[in-house]
Protein chains: 2
Amino acid sequence: MRPSHPRRSSTPAALKGDIAQLRSLEEAFAKAMNDKEIDAVMAIYAPGDSLFVFDVVGPPGVHFGWEEYREAFTQMFAAIEGPLRFSMSDLDLEVSGDVGYGRSLQRVSGVHVKGGKPFDYTVRVTDVYRKVDGKWLIVQEHISLPVERATFSPMLHF
Amino acid sequence: MRPSHPRRSSTPAALKGDIAQLRSLEEAFAKAMNDKEIDAVMAIYAPGDSLFVFDVVGPPGVHFGWEEYREAFTQMFAAIEGPLRFSMSDLDLEVSGDVGYGRSLQRVSGVHVKGGKPFDYTVRVTDVYRKVDGKWLIVQEHISLPVERATFSPMLHF
């Protein structure tokens with residue numbers, strides 16, 4: 001992916017601090033994924049019913065609220081035999097006030113419990129963050145396969 | 001899709017006004033799509049290089065900047081024979097300060113120029129909006145197929 005547009009030089013220090021906090025949040029997420037630590041993964045998502053996710057894994061591929069998403073991660077971790085390898089690239093973040101938003105490519109690989117076959121895929125992720133009581137959390141997420149790797153029906157090729 | 005969490009009753013009037021403006025923006029987008037009016041479509045996207053889109057149509061399925069996205073819409077419109085039918089559902093919007101974010105399902109149908117075959121598909125859309133000089137525009141967009149309708153490789157079924 002090409003580099004994003006240059007960060008504006010007028011970025012205030014406070015804004016840089018918020019972006020650094022979001023970057024730390026994503027680093028914590030990456031560590032939690034590699035550790036297969038469900039509690040640490042879910043600590044970066046907003047609690048309650050407001051969390052919303054368009055997921056790549058499904059059906060149904062959509063999650064309403066923290067509890068539903070926790071269940072999805074639990075099932076995913078259980079379906080992976082042994083270690084999970086996770087890495088993130090092309091992370092780009094923006095913040096204004098108490099809202100942040102960003103995008104990244106996220107790669108996951110490992111071995112399926114079912115069939116014992118290895119897998120390795122990269123998904124596109126959009127996240128929206130809110131700062132509540134000084135703490136940033138993900139409130140909305142959208143995960144999808146890159147077009148190059150998905151097998152779309154011919155109707156989608158314009 | 002299930003209805004979203006109830007809007008908080010404490011929502012200030014100004015916030016309701018902003019959400020109403022975002023809803024109008026999306027209604028203008030729907031009209032522009034049905035009219036196949038490229039200029040009206042692109043009027044709701046932030047000009048310049050900062051616009052970023054994970055698209056469902058590709059490859060490459062990613063657009064950097066307003067000009068690239070305009071070219072993608074131009075190609076899409078040219079590939080549709082005659083009228084395009086567009087509708088939006090499950091629109092849910094949130095605003096804080098000068099940032100808004102939302103999600104929806106968007107259905108597009110018509111007939112392909114190539115082969116003359118009809119198509120009808122629904123995509124999942126996440127949008128991030130910024131208010132600049134009193135005007136809301138989309139600054140980031142993520143479009144993907146619902147999991148139910150895509151044909152994923154078996155590795156994605158956890």
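Which residue takes a positive phi in the hairpin of E5(B) and E6(B)? In this predicted model, the answer is Asp133(B), whose phi is near 50°, in a hairpin with 2 residues between the strands. The two strands of this hairpin, E5(B) and strand E6 (residues 135-144) of chain B, run antiparallel and are joined by 9 bridges. Among the paired residues, Val132(B) has Lys135(B) in E6(B) as its bridge partner.

A second hairpin in chain B involves the preceding pair of strands, E4(B) and E5(B). Strand E4 (residues 99-111) of chain B pairs with strand E5 (residues 118-132) of chain B in the antiparallel sense, over 13 bridges. Within this pairing, Asp127(B) in E5(B) lies opposite Gly102(B). Here 6 residues fall between the strands, and Gly115(B) has a positive phi near 90°.

These pairings belong to a wider arrangement. In chain B, 6 strands make up an open sheet with mixed pairing, in the order E2-E1-E6-E5-E4-E3. Strand E2 (62-64) and strand E3 (85-96) of chain B are the edge strands, each pairing on one side only. From one strand to the next, the twist averages 20°. Helix H1 (residues 13-35) of chain B packs on the sheet, where it touches E3, E4, E5 and E6 of chain B, and the direction of the helix makes about 160° with that of E3(B). A parallel pairing is also found in chain B: strand E1 (residues 52-54) runs parallel to E6(B), with 3 bridges between them. One of the residues involved is Phe54(B), whose bridge partner in E6(B) is His142(B).

Turning to chain A, helix H1 (residues 13-35) has 23 residues. From its first C-alpha to its last, H1(A) reaches 33 Å, close to the 33 Å expected at 1.5 Å a residue. The buried residues in H1(A) are Asp18(A), Leu22(A), Leu25(A), Glu26(A), Phe29(A) and Met33(A). They pack against helix H2 (38-42), strand E3 (85-96), E4, strand E5 (118-132) and strand E6 (135-144) of chain A. Just after the helix, Lys36(A) takes a positive phi of about 50°.

Chain A also offers a hairpin, formed by E3(A) and E4(A) with 2 residues between them. Gly97(A), in the turn, has a positive phi of about 65°. The two strands run antiparallel and share 10 bridges, with Ser89(A) standing opposite Leu105(A) in E4(A).

Further along E4, Ser109(A) gives a closer view of strand E4 (residues 99-111) of chain A. Ser109(A) is partly exposed because 16 other C-beta atoms lie within 10 Å, whereas 20 or more would make a residue buried and 12 or fewer exposed. Leaving aside residues up to four places away in sequence, Ser109(A) touches Arg85(A), Phe119(A) and Asp120(A). Glu141(A) is 32 residues from Ser109(A) along the chain, and their C-alpha atoms are separated by 20 Å.

Finally, the interior draws on both chains. The largest nonpolar core has 44 residues, and those with the most contacts inside it are Leu51(A), Tyr129(A), Leu51(B), Val128(B) and Tyr129(B). For Leu51(A), the contacts beyond four places in sequence are with Tyr45(A), Ala46(A), Gly65(A), Trp66(A), Tyr69(A) and Val139(A).

Key. Residues are numbered from 1 along each chain as its sequence is written. Chains are lettered from A and ligands numbered from 1 in the order in which they are written. This is a predicted model: local features need pLDDT of at least 70, side-chain atom pairs count only at pLDDT 80 or more; totals for chains, interfaces and linings use all residues. Helices (H or I, at least four residues) and strands (E, at least two) are DSSP runs, numbered from the N terminus. Two residues are in contact if their C-beta atoms, placed from the backbone, lie within 7 Å. Two strands pair if DSSP finds at least two bridges between them. A nonpolar core is a set of buried Ala, Val, Leu, Ile, Met, Phe, Trp, Tyr and Cys residues joined through C-beta atoms within 7 Å. The expected span of a helix is 1.5 Å times one less than its number of residues. Axes are lines fitted to C-alpha atoms, for helices over the stretch in contact, and angles run from 0 to 180 degrees between N-to-C directions.
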